[in-house]
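Biologist: I have not looked at this one before. Can you walk me through it, a piece at a time?

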Amino acid sequence: MSEDEKRFDVVSHNLPKVDGEALARGRRVFLDDIENSPELVAGILTSPLAHAEIVDIDTSRAEKLPGVESILHYGNVPRVPHTTAGQGYPEPSPYDAYIFDNRVRFVGDRVAAVAGTSWQAVQEGLEAIEVEYNELEPILDPARSRESNVQIHPEEDASGIYDSDRNIAAHVDIEVGDPKRALDEAEVVVTQKCKTQFAQHTPIEPHVATAHLDEYDRLIIRTSTQVPFHVRRIVSQVVGVPIKKIRVIKPRVGGAFGVKQEILLEDLVSLFALRTGKKVKMRYTREEEFVSSRTRHPMEVEVRLGADKEGRLTGITMEALSNTGGYGTHSLTVLSNVGSKTLPLYNEAPSVHFYGDAVYTNMPVPGAYRGYGAPQGYFALEVAMDQLAEAVGKDPIEVRKLNHIQEEETSPIFEKLGEGKEGTVQYIHSCKLDKCIDLGAEKIRWEERDAIKRNYKTEDKARGFGISINMQGSGIPLVDLAAARLKLNEDGSFNLFVGATDLGTGSDTVLAQIAAETLGVDLDQVVVYSSDTDFTPFDSGAYASSTTYVSGNAVKKVAEDVKEQILELAANYYDLGPKDLDIAKGKLLTPAGSVDLSEMAIKTTSGEIELDQKQIEATASEVPAESPPPFAAHFVDLEVDKRTGEIEILKYVAAVDCGTAINPNLAEGQMEGAIVNGIGYALTEEMEFSDTGEMTNPSFFDYKIPNTEDIPEIEVILVESDEPTGPHGAKSVGEIGIDGAIPAISNAVRDATGIVLTESPFTPEKVWKKLNEGK
């Protein structure tokens, strides 16, 4: 039993997910199952061209087809500049999107939409629409785009674009100390540039949404989303319906990973419902999910490290060039995070410069994706750290321990660089990174690696070991807002209402455990209802690793309030002081003994407590002042086939400090899922394109995500720490697991073969070519 298990009754215990049985039994909990008989279905006509003006669109033939009930296009919908990014208002992304526009900016961009009585009618309607295009020069490369005379967003009503003339959606430039001088005077300088690819989230459940008008003509939207409250606000903005007349409901979600932090179908189903008065359903096909939803931002990141001969950093510069595709959704914030989530890790460097551009191209649109810029930054940074270790003749672990941030330390980057704006001063109150490194190194047999490599009995294969250390965050300080409401029922149970969205991550379970622990009851005494904008309080949504820390703190606050109310009423009833009473394991503890909580609960509504008959309930909010980072050390043991270039991971170890693991099994599951996600990103996953910007592999047959046969031995170690600002000591764990795979694998390949892999994914072809350069 861990120390945390000894400290807590509910928290830090491996309790079953509150929705686990329903999911395991295959009950109708996902939107496509619940809404299986809509009155209308709808589909989207997308652009076959990467860049074009729509000269004319003729829907007359489509309108006459049987079963076609409504058609939308730029000529018959409101033109409202907005962002599709589900971010806190005012959104830091540019307002450069429209429901429909007379210009298309990537293959897969919206041209028109059709609603009809059947999928066949919709398909026939889409095929009958005639569109005349004036094809424009497509710009597919961000470096070329920045210097091109072709403007991707020339429209005058867009706003928030950094430099539309140069196709720069967003720009960041922050400096601490004198990095130029630091690098000029450094005894050792290492430079490393790394490049990452287009990759898609591939949730098993694609985007799906429905909308209808209820008996009071209110717009009811059901959608598989991470951000129901942002959906409500943005739909209100673009379709012109007041927020008070919109209700958004999130059912169970079949995976998201950031791609559902976007408003992609909700505006269309809403317009169709308003125009037809019928319930309308839309869902992406798998091909549409690849082509028309969102991806990870491809980037080139160059890092320069300056250090003394002992390996102590004296200066760091990091430059990022981000491809934001046809629209600037999340462009500024992801770019910012490339620096803000990585550079504070090595706070020993007194001089730091981070700068970069997010540039429009006529490629698919990147958005939020697990890690949110950090994986791209860590790739270059951690590969460079290994090269620094070699340059000074030290173990990669030793150099990292010499430079990484420690408890009660800070970094000026925290204040200089937030998500799209200045950040806030933060100090590290919990950091067990050294212990993570030590435990991970022991499990991977780091000290034995040279002997293992020497004794590896094959000429055709080489063995290598790699490391990467990382930090992330827990929500966005002074931006995120989470709220929770809790009420006591007559049987001593509680209803917990949270706006936080469970994406399959288990957050409903985690928040219920926090409430139960705080109240002093068992988990099954807390009934969770989440993510319904009419009935649950506001929550910014499930992103930025915020739910456990930010929403969890709101839940802990409200549970403390409700518990205090119960004890005050009980004190009046028993003529005692509130401090003479407590609640534990569902029992009210008094000096004379214990009574079941239900006995007191029924008295609060029955009039037996004459002094104060009332509903015991409360609401609490949380806006975090800081974002305590989780820390992780990733280790890889792999072999490289020198004949084919194939990489086989033999073992992957990750030790993570996420504070108190509220539910250890769920925390381990989040880490394992993120690691597998990262391995796919490192080795196989890549969206491929023709010379005209059309994706050529939009299916699981051709876009390779890891399956069960591909997953290596993975060992996750939860390293206990106690974050004083977190609910029962907890921090986040949802994103930190994806940050380490690419650099750790690259470093392990270098250890095995001497080659440095700088462009992901590390396919056998790329590795083989690198191995045979100059031969």
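Modeller: Start with one pair of residues: Val41 has Gly116, in strand E5, as its bridge partner. Keep in mind that this is a predicted model.

Biologist: Which strand pairs with E5 over six bridges, and in what sense?

Modeller: That is strand E1, residues 40-46, and the pairing with E5 is antiparallel.

Biologist: And which strand is joined to E5 by five bridges?

Modeller: Strand E3, residues 68-73, which also runs antiparallel to E5. Within E5, Val114 stands opposite Ile71.

Biologist: Is E5 mostly covered or open?

Modeller: Mostly covered. Strand E5 spans residues 110-116, and seven of its seven residues are buried.

Biologist: Other sheets, then. What is the strand order in the open sheet of three strands?

Modeller: The order is E4-E2-E6, with antiparallel pairing. E4 (103-104) and E6 (130-135) are at the edges with a single partner strand each, so each has one side without a neighbour in the sheet.

Biologist: How many bridges hold E2 to E4?

Modeller: Two, between E4 and strand E2, residues 52-58. In one of them, Ala52 has Val104 of E4 as its partner.

Biologist: Let's zoom out. How many helices and strands are there in the chain?

Modeller: The chain has 22 helices and 26 strands. Its C-alpha atoms fill a box of roughly 90 × 70 × 50 Å along the principal axes.

Biologist: What does the radius of gyration say?

Modeller: It is 27 Å, which agrees with a compact globule, because a globule of 775 residues would come out near 28 Å. Of those 775 residues, 62% count as buried. Among contacts with a separation of 6 or more, 80% are between residues 24 or more positions apart.

Biologist: What about the surface and the charges?

Modeller: About 28800 Å² is exposed, and carbon and sulfur atoms supply 46% of that. There are 77 positive and 127 negative side chains, and the centres of the two sets are 2 Å apart.

Biologist: Now the loop between E16 and E17. Is Gln472 buried or exposed?

Modeller: Gln472 sits in that loop, between strand E16 (461-471) and strand E17 (482-488). It counts as buried because its relative accessibility is 5%.

Biologist: Which residues does Gln472 touch?

Modeller: Leaving out residues up to four places away in sequence, the list includes Lys341, Gly371, Ser545, Pro629, Pro630 and Asp739.

Biologist: Where is Leu478, and is it buried or exposed?

Modeller: Leu478 is in the loop between E16 and E17. At 55% relative accessibility, Leu478 counts as exposed.

Biologist: What is its phi?

Modeller: Phi of Leu478 is near 60°, a positive value in a residue other than glycine. Most residues other than glycine have a negative phi.

Biologist: You listed Ser545 as a contact of Gln472. What is the phi of Ser545?

Modeller: Near 50°, so a positive value there too, and Ser545 is not a glycine. Ser545 lies in the loop between strand E19 (526-530) and helix H18 (547-574), and it is buried at a relative accessible area of 12%.

Biologist: Last topic: where are cis peptide bonds found?

Modeller: One runs from Tyr89 to Pro90, with omega near -5°, and Pro90 is in the loop between E3 and E4. Another joins Ser760 and Pro761, with omega about 0°. Pro761 belongs to the loop between helix H21 (741-753) and helix H22 (764-771). Most peptide bonds are trans.

Definitions and conventions. Residues numbered from 1 in each chain as written. Heavy atoms only, no water. Helix = DSSP H or I, 4+ residues; strand = E, 2+ residues; numbered from the N terminus. Rg over C-alpha atoms; globule rule 2.2 N^0.38 Å. Buried < 20%, exposed > 50% of the residue type's maximum accessible area, 1.4 Å probe, protein only. Contact = heavy atoms within 4.5 Å. Areas by Shrake-Rupley, 256 points an atom, 1.4 Å probe, with all protein chains shown as cover. Lys, Arg positive; Asp, Glu negative; His and termini not counted. Charge placed at Lys NZ, Arg CZ, Asp CG, Glu CD. Pairing = 2+ DSSP bridges.
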